[in-house]
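Student: I'd like a close look at one thing here: the pairing of opposite charges. Please show me where those pairs sit and what surrounds them.

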Amino acid sequence: MDRDISQIIEALRSSECGTGAFDAIIERYSERLYWHIRRILVQHEASEDALQETFVKAFLAAKSFRGDSEGSLVAWLYKIATTEAIRSLRRRKRYIFTSIDSLSHQLVADFEGEIAPDADQITVRLQRAVLALPMKQKLVFNMRYFDEMSFNDISQITGQSVATLKTNYHYAVKRVKQSVEELEYE
Amino acid sequence: MPYRISDGDMELMKIRSSAAVARAAAEVKPRRRVRWAISMAMAVSMVLAVVAIWYLERPMHYELFIEQLADVPADVLYDMSVDVVEYEEDITLL
């Protein structure tokens, strides 16, 4: 089932990308993309829907993929997944003109109902702090800290400059540290 | 990750994603065929329109004109030539 990555990319870039090549992509990247989406949307059902939508969009846009390495494929999939997750969040907003950052409190509240019974308290605290971050900082923090991506890869995904991402990450780390410490004393 | 997820959820998600992609692929094929048929019909009608315009606007072929004249009786032809001569004379008089 686990096809060689060069074969997958070759099949993806060919004019007639079949579902066979895509099954290999789903098998290989589902878990990673799911956690990336879930860290944004929190709820399992919404994350699953967004994940499905990500793969469908990627399949339909397969011809537009221009990369030739696994890194570029991952960045491309992450870009679609991030867009889908943000789109899902926008649908959850009550008012059109409010920012999606206004949903932070809602996301933290949703998280309380999604915590695994055997979850480590430190990671729970960390996750609460991350969910309270503004979206730009949250995205860069998630991709850098949890997915261990380079700033260049994150730049490809978000379309922001490396300098902006580094600044956002710096503020995110600062705020997360502060929040975790505050939560510790509560 | 501190999120709640069942053991089988990940496998189930993979299966559902595969099914969603297969559904999308099945929907895309007929749509592509319809788009291809429409574009082919448009191309053919454009070619036909160009041919029709060329046919209607083409200059009258000289040989064809002579052929048509061959069927005209000689006296009628004579009358026609007289008419032309008279007409040309009228113009020069003006």
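Tutor: Let's fix one term before anything else: helices (H or I, at least four residues) and strands (E, at least two) are DSSP runs, numbered from the N terminus. The model is a predicted one, where local features need pLDDT of at least 70 and side-chain atom pairs count only at pLDDT 80 or more, while totals for chains, interfaces and linings use all residues. Residues are numbered from 1 along each chain as its sequence is written, chains are lettered from A and ligands numbered from 1 in the order in which they are written, and side-chain values use heavy atoms, with hydrogens and water left out.

With that settled, here's the backdrop. Chain A comes to 9 helices and 0 strands, and chain B to 3 helices and 0 strands. Buried residues (under 20% relative accessible area; exposed is over 50%, partly exposed in between, with a 1.4 Å probe and protein chains only) make up 49% of the 186 residues in chain A. In chain B they make up 13% of 94 residues.

Now the charges. Side chains of opposite charge can pair when their charged atoms come close. The rule for a salt bridge asks for a side-chain nitrogen of Lys or Arg within 4 Å of a carboxyl oxygen of Asp or Glu, and over all chains it finds 11 of them.

Start inside helix H4 of chain A. Glu84(A) and Arg87(A) both lie there, 3 residues apart, which is about one turn of the helix. Their closest N and O atoms are 3.1 Å apart, and the two form a salt bridge. Glu84(A) counts as buried because its relative accessibility is 4%, whereas Arg87(A), at 37%, counts as partly exposed.

Helix H4 has another pair to look at. The side chains of Arg92(A) and Asp110(A) meet in a salt bridge, 3.0 Å from N to O. Arg92(A) lies in helix H4 of chain A and Asp110(A) in helix H5 of chain A, so this pair ties together parts that are 18 residues apart in sequence. Arg92(A) is partly exposed at 25% relative accessibility, and Asp110(A) is buried at 14%. As for shared partners, salt bridges join Glu53(A), Lys57(A), Glu84(A) and Arg87(A) into one network.

Asp110(A) deserves a bit more context. The buried residues of helix H5 (residues 104-112) of chain A are Ser104(A), Leu107(A), Asp110(A) and Phe111(A). They cover an arc of only 120° around the axis (taken from the directions from the helix axis to the C-beta atoms), which puts them on the same side of H5(A). What covers them includes helix H2 (19-41), helix H4 (70-92), helix H6 (121-131) and helix H7 (135-146) of chain A; contact here means heavy atoms within 4.5 Å.

Next, the pairs that cross between chains: there are 2 salt bridges between chain A and chain B. One joins the side chains of Glu27(A) and Lys14(B), at 3.5 Å from N to O. In another, the side chains of Glu48(A) and Arg16(B) meet at 2.6 Å, N to O. Glu48(A) lies in helix H3 of chain A and Arg16(B) in helix H1 (residues 9-57) of chain B, so the pair joins two chains. Glu48(A) is buried, with a relative accessible area of 8%, while Arg16(B) is partly exposed at 38%.

What do those bridges sit in? The contact takes 33 residues from chain A and 19 from chain B. The two chains bury about 2400 Å² between them, 68% of it on carbon and sulfur atoms; buried area is the accessible area (1.4 Å probe) that two parts lose on being put together, summed over both. Glu48(A) turns up again here: with Trp35(A) and Gln52(A), it supplies 19% of the area that chain A buries against chain B, more than any other three residues.

There are also 8 residue pairs in polar contact across this interface, both residues at pLDDT 80 or more. A polar contact is a pair of N or O atoms within 3.5 Å; within protein, one must be able to donate a hydrogen and the other to accept it, and residues adjacent in sequence count only if both atoms are side-chain atoms. On the side of chain A that touches chain B, H2, helix H3 (44-60) and H6 each supply at least two residues. The largest share, 11 residues, comes from H2(A).
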